[in-house]
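Please open the structure in your viewer and keep the sequence panel beside it, since each stop on this tour begins with something to select.

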Amino acid sequence: MKPARPEHRAEKPAWLRARAPGGAAFEETQSLVRRHGLNTVCEEAACPNIGECWSKRHATVMILGSVCTRACAFCNVATGRPDALDPHEPERLAEAVGELGLAHVVITSVDRDDLPDGGAAHFARCIARIRDTSPGTTVEVLTPDFRNKRGAVETVVDARPDVYNHNLETVPRLYADVRPGARYYGSLRLLDRVKERDPGIFTKSGIMVGLGEEPAEVLQVMDDLRGAGVDFLTIGQYLRPTPRHHPVARHVTPEEFERYGIIARAKGFLMVSATPLTRSSHHAGSDFAELRRRAGEKTGEKTAERV
């Protein structure tokens, strides 16, 4: 079942109106995705940036099927009986990455609470296959919480992605309404475990605003993420996919996003993206290059201090 159409664009303020998809490069990316039988979060989650990203031949691939075992109040991905696990998906994904000539690829997934490891081994196989066929491509994963299944996070970390992303999505107070199948501190602990297992992997997390949170709660989330050693924070406006989803409490202004960004950088994040249209994978490739550059500068500063 295809996701329902998003709410009408005219209801949004001017700063939330994204460019309509189209053009030769967009169509080429769409054709390649179809040809390799891949799912993308760009389509399934009705991302407003699909026109820009696909025109640049960048797509966030969604593995483990297109049907999620959870029903989060903000998400437009279909919920129900999960698809059968496709053992050939890692090969098809690697072929698509090679054909697009990607310098950086983002791999995410639906929640698969029906699988013993939540799909962690499948993530690892996808990373390994891309490493085999496109060794120059950097890999970013955006994983679910795996419902705290033993060894799942470690399986993905040991496959050595360059960036490990797991989104908190919202403030703790709103979890029961917005993300009822997850636990805030469980997600926070997951990010902490990634750094414990491999400090060399960049970690990333994001939240949506406009769901009814207070600014002080957003600042507390920032502190919690820094406590877990997270390197990169994304903050974007929540957009209601359909009338059946959680309502938008308000549209946060660009000026407020700018203030959040200034505060987050002051708290020590290496990278911050805070704009109305920010999404976890938006500009992921260029952001990773900048993240690596800033980490190198920071390492150089520490070396100089010791000398």
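The tour goes from the whole chain to one helix, then to a single residue, and ends with aromatic rings.

Before selecting anything, bear in mind that this is a predicted model. Colour the protein chain by secondary structure, and you should find 11 helices and 10 strands. Of its 307 residues, 54% are buried, and the accessible surface comes to about 13800 Å², with 52% of that belonging to carbon and sulfur atoms. Among contacts between residues at least 6 apart in sequence, 73% join residues at least 24 apart.

Now select residues 254-266, which form helix 10. Its 13 residues should span 18 Å at 1.5 Å a residue, and the end C-alpha atoms are 19 Å apart, which agrees. Which residues of helix 10 are buried? Show side chains, and you will find E256, F257, Y260, G261 and A264 in that state; they cover an arc of only 145 degrees around the axis, which puts them on the same side of helix 10. E258 and A266, by contrast, are exposed on the other side of the helix. Add strand 8 (202-209), helix 9 (215-227), strand 9 (232-237) and strand 10 (271-274) to the selection, because these are the elements against which the buried residues of helix 10 pack. Just after helix 10 comes G268, whose phi is positive, near 110 degrees.

Next, centre the view on Q237, which lies in strand 9 and is buried, with a relative accessible area of 1%. Leaving aside residues up to four places away in sequence, Q237 touches several others, among them L16, V209, H251, R279 and, from helix 10, F257. Where does the side chain of Q237 reach? Draw a distance to the backbone oxygen of R250, and it should read 3.2 Å. A second distance, C-alpha to C-alpha, places A274 at 9.0 Å from Q237, although the two are 37 residues apart in sequence.

Finally, turn to the aromatic rings, of which the whole structure holds four pairs. Select Y184 and Y185, an edge-to-face pair with centres 4.9 Å apart and 90 degrees between the planes. Y184 counts as buried at 4% relative accessibility, whereas Y185 is exposed at 57%. Then select F202 and F288, also edge-to-face, at 6.1 Å centre to centre and 75 degrees between the planes. This pair links distant parts of the chain, with F202 in strand 8 and F288 in helix 11 (residues 284-306), 86 residues apart, and both residues are buried. To finish, add Y175 to Y184 and Y185, and you have a cluster linked by ring pairs.

Key
Residues numbered from 1 in each chain as written. Predicted model: local features only at pLDDT ≥ 70, side-chain atom pairs only at ≥ 80, totals over all residues. Heavy atoms only, no water. Helix = DSSP H or I, 4+ residues; strand = E, 2+ residues; numbered from the N terminus. Buried < 20%, exposed > 50% of the residue type's maximum accessible area, 1.4 Å probe, protein only. Contact = heavy atoms within 4.5 Å. Areas by Shrake-Rupley, 256 points an atom, 1.4 Å probe, with all protein chains shown as cover. Expected span 1.5 Å × (residues − 1). Arc of directions from axis to C-beta. Polar contact = N/O pair within 3.5 Å; in protein donor to acceptor, adjacent residues only side chain to side chain. Phe/Tyr/Trp six-rings, centres within 6.5 Å; stacked < 30°, edge-to-face > 60°.
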